[in-house]
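Subject: Structure for your review

Dear colleague,

Please find below the structure that I am handing over to you, followed by an account of what was found in it.

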Amino acid sequence: MSGTEPAHRQLGMTDTEYESVVDILGRPPMPAELAMYSVMWSEHCSYKSSRAWLSRFPTEAPWVVVGPGENAGVVDLGDGWLAALRIESHNHPSFVEPYQGAATGVGGILRDVFTMGARPIAVWDPLRFGPLSVARNRYLLSGVVSGIAGYGNAVGVPTLGGEVEFADCYSANPLINVMALGLLKREQLVLRAASGDGNVAVLLGSATGRDGIGGASILASASFDEDSGTKRPSVQVGDPFEEKRLIEACLELYEKGLVVGIQDLGAAGISCATSESAAGGGMGMDVDLDAVHLREHDMTPGEILMSESQERMLAIVRPEDLDDVLALAEKWEIAASAIGHVNPSKQLRVFHQGELVADVPAASLSDDAPLYRRPAERPDYLDHVWKVDEPLPAGIDLGETLLLLLDDPALADASWIYEQYDHQLFLNTVIGPGSDGTLMRIKGTRKGLAVSTDGNALLCYLDPRRGSARLVYEAALNVAVTGARPFAVVDNLNFGNPEKPGVMWQFLETVEGMAEACEVLGVPVIGGNVSFYNETDGVDVYPSPVVGMLGFCDPMPEDPPRLDRAEAGMDVWLVGPEDPDDFAAGAYNRVVLGHRRGRPAAPDPGTAVTVVDAAASLAFTVPVLHDVSSGGLAVALAEICINSDIGIEIDNGEWQYLLSESPHRFVAVLPAGRQPDVHNVPVRRIGTMGGDHIDFGRHGSVTVAEAAAAWHDALRSRLG
Amino acid sequence: MRVAVVVFPGTNCEHDVAYALGELGTSPELVWHRETALDGFDGVVLPGGFAHGDYLRTGAIARFSPVMTAVERHAVEGTPVLGICNGFQILCEAGLLPGALVANRDLKFICRPVPLRIESTNSILTRTARVGQVLRLPLNSYEGNYIAPAKDLERLEAQGRVMLRYCDAAGVADQSTNPNGSTNSIAGIANTAGNVAALMPHPERAIEGLLGSTDGRVLLESFVASMAREPARA
């Protein structure tokens, strides 16, 4: 950075934005104030390019307790139980330093959830990397998985799944998303508002250091270039042991009713937590930076305010409870400092060594942030990619093709990844990673929670609106095959540079597609995250929305469907409409033909609903249900065969039916003579379980053992 | 029956162990590591997790926690003391069991169910099982690779104090069926009196069919049965 640039530009702020700050304050900002505005008004914190559009999402339903805007969305599960859900990205930090970037992503998302009063009970990690043929991508994947495992396992929250995809555009900009689910009783719900004149703001947890300064503005809100390695000091370092004690301490504070409000410290650190707490309660706050426990003693006020040191919380407590709060912190061996007082002034005033270093309207840091309606324009590449000149071959060997598909890292067995994660802690995991959706029980009830995270960036690249809608429907089907009904959605919208009209168009189309699908399903969006500037050296990533779907059932199936329950003699049925021509974005095009072109089929909203209903009902009586998605019917059937260690004889038809990836379909395996009990949905018997081959008749065949070997070894052989 | 489930800062399996022992009819109580007495408890469990963050070395700091003096006294007096995963590591650091647990052979965390063969019923962990029985229990550890000096290994083997060995579904224990490189495929051991026993896999994660396996019951039932009678003696 050049020393001659004005300070605000060095902090990532435009000249116009700087002028707005001067207008608000009626004077030029002091250095600490400029630091606060630069971070709070960054894309990452303020959603300045996206928030005008996010109101498009349906956010209401009778069971929504807390919608978007708080630290996590909260829904009502009945009988006093609530669930809290949140998704975030940690893309840029993970590219700069994969282990710590991913680890602190887990730490941050957990704080968002226990800030609401919930005990975090599970984490999911949707990941996107460049091809594994490139050594650096293998390093990034291994580092990210180690970071998630290292932090998640030690902090004591199981990681129940996620998904992984690969494409060239992620080589210089991997996507590391993380979603967390928490469980709480209604009376434990806490919000961040700092109410009550005279209440005390207590900073809990790690000492504040210079790590992560400018993380939100420098790393998360700007594009990358060849100098990105020099940004490593902006990556935070995580300490799961500190976080574990912080979780237990906070949960005990809630249980004892000792906090009025609480806020985690993430992006923008103390400036964000104090201003949002004060603004949330319509109050002001005086903050004394000399009271902050520091790791380094010569920090400037701007550095203290902007530090993104991990594992810190800001609790608002009544003065008469302060001693109890400090004693409880001492019990859990976490540091605690009273750093501020709530007052009715609506001003955030910050003192350092007796000097007033900041005096700003608390709400201005969030409410007055810039709002951009950036120009959007349909990009030209669509005209090119929608044209497919090569006809599909008339006949292919499906046995050979299946082995190629099962060896694809995105379709293969992901156990190399998830076996590094504790996925059983808390004894809730009924169906763990490696299936369509995770299913958890709630102990002491008959309730079940199902979760799926879904993304298919190529589908969204080829048609953002259709693609993103299909993601929502697929996620709904993934939870339905466990017996749950779609209940709430969180989304993580990973996009390129929003200052490019083509990227902005992709974003708007995606929001529209997802919003429509959520409306069709009657599922509220209870939270989300937007990650822009996933761009390196001018190349944007695919539009990469990730859908986090929470499903709910009460009661939960006593014996839910599983992929390993198929037996010889059982009949195999396909439920849902069939379209043999949906190869765009399909695995066959990508893996076998080596191109990424075509226009994906439009989803069918009416069918989507009936198919999801059918699956959620069948899950109570059918041993095996499996969503048909990437790799089509052939891969779906192979996964059942491999998991159940048994063959299948598939009835003859055109080969295209086995590889087309049209939406709204699932496989049901039932004892012979039983037909799936569904209405208003096409049903077709497609084969019989038995033998030791995956037998496609005249289209070829492969042994289950060969298929299993290809599927199991795909990631292991590439990653070691 | 009262069971103390010891909680260090960083422990994370305490609720699961308490739940499982509760399902088996005992009265588990969480005991904070700063407690100095365990009077009136019929048994003690050191559950899994990352006590004191596993910083420095697994169990290295936990062994100095105040509660460990009381745990040692109970161990000497014959009270059933069970270590699971991180609890195994702590009991080794505390010198209540020989050897140590080091990083897995492949230097990766392993979370998956693994088959185990019962080698001896001479402990509070295995007394109601039968020798040769194969159980399937979730393993969940980075430092699960058991090592010990040759003379300690010889004594462990000679005295029948190896309780559990990693194996395959047919019960064959060799290097190809050893998930983490553990010496002699050792998954669980006991002290000479049989009242202090520990294992790396998690029996509390395998007590309900809904969650995939009930094979952990026989081990926890052994522990419960041991609390109900005179402590096991060699």
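In helix H8 (residues 135-155) of chain A, the residues A:Tyr151, A:Ala154 and A:Val155 meet A:Pro240, A:Phe241, A:Glu243 and A:Lys244 of helix H10. By class, this contact consists of five nonpolar and two charged residues, with no polar ones. H10(A) covers residues 240-255, and the axes of the two helices come within 8 Å and cross at roughly 35 degrees. The crossing of H8(A) and H10(A) is right-handed. Please note that this is a predicted model, and the statements here should be read accordingly.

Two further helix pairs in chain A share helix H16. Residues 398-406 make up H16(A), which packs against helix H25 (residues 704-719) of chain A at an angle of about 20 degrees, the axes being 8 Å apart. H16(A) is therefore roughly parallel to H25(A). Their crossing is right-handed. On the H16(A) side the contact is made by A:Leu402, A:Leu403 and A:Leu406, and on the H25(A) side by A:Glu706, A:Ala707, A:Ala710, A:Trp711 and A:Ala714. Seven of the residues in this contact are nonpolar, one is charged and none is polar.

The second partner of H16(A) is helix H23 (residues 632-644) of chain A, packed at an angle of about 75 degrees with the axes 10 Å apart. These two helices are therefore roughly perpendicular to each other. Here A:Leu398, A:Leu402, A:Leu405 and A:Leu406 of H16(A) meet A:Ala634, A:Val635 and A:Ala638 of H23(A). The contact comprises seven nonpolar residues, with no polar and no charged ones. A:Leu402 and A:Leu406 thus appear in the contact with H25(A) and also in that with H23(A).

Chain A also contains an open sheet of seven strands, in the order S8-S10-S7-S11-S9-S12-S13 and with mixed pairing. Its edges are formed by strand S8 (261-264) and strand S13 (355-361), each of which pairs on one side only. Neighbouring strands are turned against each other by 20 degrees on average, direction ignored. At the S8(A) edge, the pairing with strand S10 (residues 312-317) of chain A is antiparallel and runs over four bridges. Within it, A:Gly261 stands opposite A:Ile316 in S10(A). Helix H11 (residues 269-280) of chain A packs on this sheet, where the strands it touches include S7 (200-205), S9 (284-288) and S11 (336-343). The direction of H11(A) makes about 155 degrees with that of S9(A).

As a whole, chain A has 25 helices and 28 strands. Its radius of gyration is 26 Å, which agrees with the value near 27 Å that a compact globule of 720 residues would have. The C-alpha trace of chain A spans about 85 × 55 × 45 Å along its principal axes.

Turning to chain B, there are five helices and 11 strands. The radius of gyration of chain B is 16 Å, close to the 17 Å given by the globule rule for 234 residues, so chain B is as compact as a globular protein of that length. Its C-alpha trace spans about 45 × 35 × 35 Å along the principal axes.

Nine strands of chain B form an open sheet in the order S2-S1-S3-S4-S11-S10-S9-S6-S7, again with mixed pairing. Strand S2 (27-32) and S7 stand at the edges with a single partner strand each, so one side of each has no neighbour in the sheet. The twist from one strand to the next averages 25 degrees. S6(B) and S7(B) pair in the antiparallel sense over eight bridges; among the paired residues, B:Arg112 has B:Leu139 in S7(B) as its bridge partner. Helix H2 (residues 67-77) of chain B packs on the sheet, with a direction about 125 degrees from that of S4(B). Helix H3 (residues 86-93) of chain B also packs on the sheet, touching S3, S4 and S11, and its direction makes about 120 degrees with that of S4(B).

Finally, regarding the interface, 21 residues of chain B are in contact with 21 residues of chain A. On the chain B side, helix H1 (14-23), strand S6 (110-118) and strand S7 (134-141) each supply at least two residues. That side consists of 11 nonpolar, six polar and four charged residues.

With kind regards

Methods. Residues are numbered from 1 along each chain as its sequence is written. Chains are lettered from A and ligands numbered from 1 in the order in which they are written. This is a predicted model: local features need pLDDT of at least 70, side-chain atom pairs count only at pLDDT 80 or more; totals for chains, interfaces and linings use all residues. Two residues are in contact if their C-beta atoms, placed from the backbone, lie within 7 Å. Ala, Val, Leu, Ile, Met, Phe, Trp, Tyr, Cys and Pro count as nonpolar, Asp, Glu, Lys and Arg as charged, and the others, Gly among them, as polar. Axes are lines fitted to C-alpha atoms, for helices over the stretch in contact, and angles run from 0 to 180 degrees between N-to-C directions. Angles under 35 degrees count as roughly parallel, over 145 as roughly antiparallel, 65 to 115 as roughly perpendicular and the rest as oblique. A crossing is left-handed if the near helix is turned anticlockwise from the far one by less than a right angle, and right-handed if clockwise. Two strands pair if DSSP finds at least two bridges between them. The radius of gyration is taken over C-alpha atoms; the globule rule is 2.2 Å times the number of residues to the power 0.38.
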